[in-house]
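Hi everyone, thanks for making the time. I'd like to walk you through a structure that is probably new to most of you, so let's put it on the screen and take a look together.

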Amino acid sequence: MSNPLAPAPVVEHAGSIFEPCSGRAADVRVESAELTTQNTLGLACLAQHLVVLRSTAQLAGVSELARQYRHVFVLGGGSNVVLPPQLSALVLKVEFKGVALAGDVSDCWLIDVAAGEDWHAWVTTAMESGWPGLENLALIPGTVGAAPVQNIGAYGVELRDHLESVTAWNIPQGLLRTFSREECEFAYRDSMFKRAPGGTWLIVSVRFRLPKVWAPVLGYPDLQKHFGLGAAKAQSPTPQAVFDAVCAIRRAKLPDPAELGNAGSFFKNPVVSSVQHAQLMRMHPEIVSYLQADGQYKLAAGWLIDRCGWKGRRVGAVGMHARQALVLVNYGGAHANEVLALAHAVRSSVQEHFGVELEMEPINVAE
Ligand code: EPU
């Protein structure tokens, strides 16, 4: 179907993304800062050496400064990290802003978005501007620059489906590079940026490719239920209706980090072979699984954790959420060691009951 929204781009020209990458160490100010409100789990963390980056003109200075540190850590929205109480690494907080229409080619719009933009605010801008495609990814916490690191995904859509390229600064080499989608080596909650040694890449901006001819992605069970399968076929919803549905579904299931500290799904959904899947099916016929293109099966980690009795269970200041067992929550005042201890206990239970290994989704930042 054609895009029902009239294109009326809301574009703020992002001079800062296009500034030349020059500058000296003098352009960069190091301070110590409390990061408790800068990570969605709400863990108390004192960063001893923090630099807030507002312009790409500071990047060369950052590379110079980084040589003095053993560890460098790039912080976006803090929505996928477990932070230690004291952080001695050089912390780079990315706050580049701007959204700019970079191209209007025959079948799509190309839009550059600076890394420090809030992800949900950008998705909202895209909706209002008549650039559909990202509606299934509404309300994901974090920044635009963090999104490619773990190839964010929800309700049948992943970032890679609408990404054209990523521009990133190589901190040790002091060079700016643009990576095509293929070069980013995206996989489920993974990319080459996530696999690279910490402190290598600082994402500066992301170029999106959003389709002029749009079709809703409604295959996910929660969306089918929301729209009613028959109705969705008879009358296709608008991008705004899908956006509203995704927001409503997420608000009903997932805790708002502003009210209850959390990092979204705390574990990835594990992928098992067809042989292991068949064995699991014999013992647990009701197990929730999804057949993958390569013949393997992705299991719903939330279901596994739930069946091990962790849903709604609290241990001190942390617990597994009562409406989504995959979400680890901080009831207030938790430390990284409590978070990691609970994660360890949950992993052990799932391993013991199902013989399946869970992998943590957030990055565990060492001191
Ligand atoms: N389930 C349970 N008990 C629970 C939780 C889930 O039985 O406590 C069952 C559900 O009934 C459903 C299945 O497990 O049958 C899957 O649950 P859900 O639809 O909530 O999705 P998910 O697989 O747990 C994934 C992503 C989410 C994303 C949703 C929607 C991962 C690790 N998580 O969750 O992403 O929003 O699908 O697409 O892939 C995130 O990464 O932070 C995140 C929230």
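Before anything else, please keep in mind that this is a predicted model.

Let's begin with a pair of strands. Strand 13 and strand 19, which covers residues 327-330, run antiparallel to one another and are joined over three bridges. If you want a spot to click on, take Ser265: its bridge partner in strand 19 is Val327.

Now let's step back to the sheet that this pair belongs to. It is an open sheet of four strands, in the order 13-19-18-17, and the pairing is antiparallel. Strand 13, residues 261-265, and strand 17, residues 314-315, are at the edges with a single partner strand each, so each has one side without a neighbour in the sheet. And what lies across strand 17, strand 18 and strand 19? That is helix 10, residues 336-354, running at about 30 degrees to strand 18.

On to the ligand. How many residues surround it? There are 24, and the closest are Tyr155, Tyr188, Tyr220, Asp306 and Ala325. Let me show you a few polar atoms here. For Tyr155, a backbone N or O atom lies 2.6 Å from an oxygen atom of the ligand. With Tyr188 the side chain takes part: one of its polar atoms is 2.7 Å from a ligand oxygen. And here is Ser265 again, the bridge partner of Val327; a polar backbone atom of Ser265 is 2.8 Å from an oxygen atom of the ligand. Taken on its own, the ligand has 820 Å² of accessible area, and the protein covers 83% of that.

Which elements supply the shell around the ligand? Strand 8 (153-154), helix 7 (239-253), strand 13 and helix 9 (301-307) each give at least two residues. Helix 9 provides the largest share, with three residues. Sorted by class, the shell has eleven nonpolar, six polar and seven charged residues.

Let's finish with another sheet. Here four strands form an open sheet in the order 1-2-5-3, and this time the pairing is mixed. Strand 1 (31-34) and strand 3 (72-75) are the edge strands; each has a single partner strand, so one side of each has no neighbour in the sheet. On average, neighbouring strands of this sheet are turned by 45 degrees against each other, ignoring direction.

You can follow the mixed pairing strand by strand. Strand 1 pairs with strand 2, residues 46-53, in the antiparallel sense over three bridges. Within that pair, Glu31 has Leu50 as its bridge partner in strand 2, and Ala33 has Ala47. Strand 2 also pairs with strand 5, residues 86-94, but in the parallel sense and over seven bridges. Have another look at Leu50, the partner of Glu31: Leu50 also stands opposite Val91 in strand 5.

That's the tour, and thanks for listening!

Terms used. Residues numbered from 1 in each chain as written. Predicted model: local features only at pLDDT ≥ 70, side-chain atom pairs only at ≥ 80, totals over all residues. Heavy atoms only, no water. Pairing = 2+ DSSP bridges. Contact = heavy atoms within 4.5 Å. Axes fitted to C-alpha atoms, helices over the stretch in contact; angles between N-to-C directions. Near = heavy atom within 4 Å. Polar contact = N/O pair within 3.5 Å; in protein donor to acceptor, adjacent residues only side chain to side chain. Areas by Shrake-Rupley, 256 points an atom, 1.4 Å probe, with all protein chains shown as cover. Nonpolar A, V, L, I, M, F, W, Y, C, P; charged D, E, K, R; others polar.
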